[in-house]
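User: Please take a close look at the helix-to-helix contacts of this protein. I would also like to know how the surrounding residues and the confidence of the model bear on that part.

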Amino acid sequence: MKTTTIDWATTPAAVWRRHRSGLRVIRRLDPIKWEALTGIERQQQALARNTERFLSGEPSNNALLWGSRGTGKSSLIKALLNRYQDRGLRMIEVDKDDLVTLPEIVDDICDLPFRFVIFCDDLSFDVGESGYKALKSVLEGSLELPPENVRVYATSNRRHLMPEFMSDNLKSEMHDGELHPAEAIEEQVSLADRFGLQLSFYPFSQDVYLQAVDALFPDVADREQLHREAVRFATAKGVRNGRTAQQFYRQFAAGDKSDH
């Protein structure tokens, strides 16, 4: 299957499938709504502003959403598509291991009358991996400029996308009072630098976590008991974030919520 066989007028999103060497239409989109997200208002506003500029043909950036696991990075991207697909936003999900095909994917969509976000979820690279080189060419181009109708939005637990070792810092040198980072550090930072918009995500405070829980249980009368159970659940998991709130909801929502 080629990307050009997809009817993008009626298809908001597709995913690259390596073994069929083509895109497959995503038929069951995650229905998460923009308004359902809590605790990440600053990141929402920044990503929405950048995306609206992109959709309007104004200067806009590739975006890297990095930080703690389960804090809403991927959910924000999914909600973004649901919010803006009626304005011409289209999304193509590409796994890290398939980034070598990215230039070919972009070649097939660069002349289409839609605005595409290439979505790379949980992006990171280990020592010796070379897939990031294809990503670099799409982010900033080479001899040919990157297309105006394509942006890359990636999520990662790593700020610089690549592993950082103490030994790399030890190889840095001082010359005439200036710090010259080691080549390994330069390589690590150079990839992340190509994302003009970088949004950080951190574990929730208890208040923000409970706000997320409240949003999931709008009809529960006994908030004090609900909060006690939610805090106990998060303590057992050892982390407070949006994912924990969702997991708490899935475990307890099936019962009689009036008992909480």
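Analyst: The following account begins with the chain as a whole, proceeds through the helix pairs, and ends with individual residues and the segments of low confidence.

The structure is a predicted model, and its secondary structure comprises 9 helices and 9 strands. The mean pLDDT of the protein is 84, and 82% of the residues score at least 70. Of the 260 residues, 45% are buried. Among contacts with a separation of 6 or more, 74% join residues that are 24 or more positions apart.

The pair formed by H1 and H2 may be taken as the starting point. Helix H1 covers residues 41-55 and helix H2 covers residues 73-84; their axes come within 11 Å and cross at roughly 45°. This angle falls neither under 35 degrees nor in the range of 65 to 115, so it belongs to the oblique class, and H1 and H2 are therefore oblique to each other. Their crossing is right-handed. On the H1 side, the contact is made by Gln43, Gln44, Leu47, Ala48, Thr51, Glu52 and Leu55, while H2 contributes Leu76, Ile77, Leu80, Arg83 and Tyr84. By class, the residues of this contact divide into 7 nonpolar, 3 polar and 2 charged.

One residue of H1 merits separate attention. Leu55 belongs to helix H1 and has a relative accessibility of 15%, so it counts as buried, the limit for that class being 20%. Beyond its neighbours within four places in sequence, Leu55 is in contact with Tyr84, Arg87, Gly88, Leu89 and Arg115. Tyr84 is also one of the H2 residues in the contact between the two helices, and Leu89 lies within strand E4, which spans 89-93. Arg115 lies within strand E5, which spans 115-120. Leu55 thus touches residues of H2, E4 and E5. In addition, the C-alpha atoms of Leu55 and Phe116 are separated by 9.2 Å, although the two residues are 61 residues apart along the chain.

The next pair is H3 and H4. The axes of helix H3 (residues 102-109) and helix H4 (residues 132-140) come within 9 Å and cross at roughly 30°. H3 and H4 are therefore roughly parallel to each other, because angles under 35 degrees are placed in that class. Leu102, Pro103 and Val106 represent H3 in the contact, and they meet Ala134, Leu135, Ser137 and Val138 of H4. This contact has 6 nonpolar residues, 1 polar residue and no charged residues.

Several residues in the segments flanking these two helices can be described as well. Asp98 is placed in the loop between strand E4 and H3. With a relative accessible area of 6%, Asp98 is buried. Residues up to four places away in sequence being set aside, Asp98 touches Trp16 and Arg18. Trp16 is itself part of strand E1, which covers 13-17. Asp122 is found in the loop between strand E5 and H4, and its phi is near 55°, a positive value in a residue other than glycine. Most residues other than glycine have a negative phi. On the other side of H4, Pro146 occupies the loop that leads to strand E6 (150-156). Pro146 is partly exposed, at a relative accessible area of 24%. Pro146 and Asp107 are 39 residues apart in sequence, and their C-alpha atoms are 9.9 Å apart in space.

The remaining pair is H7 and H8. Helix H7 runs over residues 206-216 and helix H8 over residues 223-237; the axes come within 10 Å and cross at roughly 115°. The crossing of H7 and H8 is right-handed. From H7, Gln206, Tyr209, Leu210, Val213 and Asp214 meet Arg223, Leu226, His227, Ala230, Val231, Phe233 and Ala234 of H8. Sorted by class, the contact of H7 with H8 holds 8 nonpolar, 2 polar and 2 charged residues.

As to confidence, two segments call for caution. Over residues 165-172 the pLDDT stays under 50, and the model has 12 contacts beyond four places in sequence for this stretch. Over residues 179-185 the pLDDT likewise stays under 50, with 15 contacts beyond four places in sequence.

Definitions and conventions:
Residues numbered from 1 in each chain as written. Predicted model: local features only at pLDDT ≥ 70, side-chain atom pairs only at ≥ 80, totals over all residues. Heavy atoms only, no water. Axes fitted to C-alpha atoms, helices over the stretch in contact; angles between N-to-C directions. Helix = DSSP H or I, 4+ residues; strand = E, 2+ residues; numbered from the N terminus. Parallel < 35°, antiparallel > 145°, perpendicular 65-115°, else oblique. Contact = heavy atoms within 4.5 Å. Nonpolar A, V, L, I, M, F, W, Y, C, P; charged D, E, K, R; others polar. pLDDT = per-residue confidence, 0-100. Left-handed = near helix turned anticlockwise from the far one by under 90°. Buried < 20%, exposed > 50% of the residue type's maximum accessible area, 1.4 Å probe, protein only.
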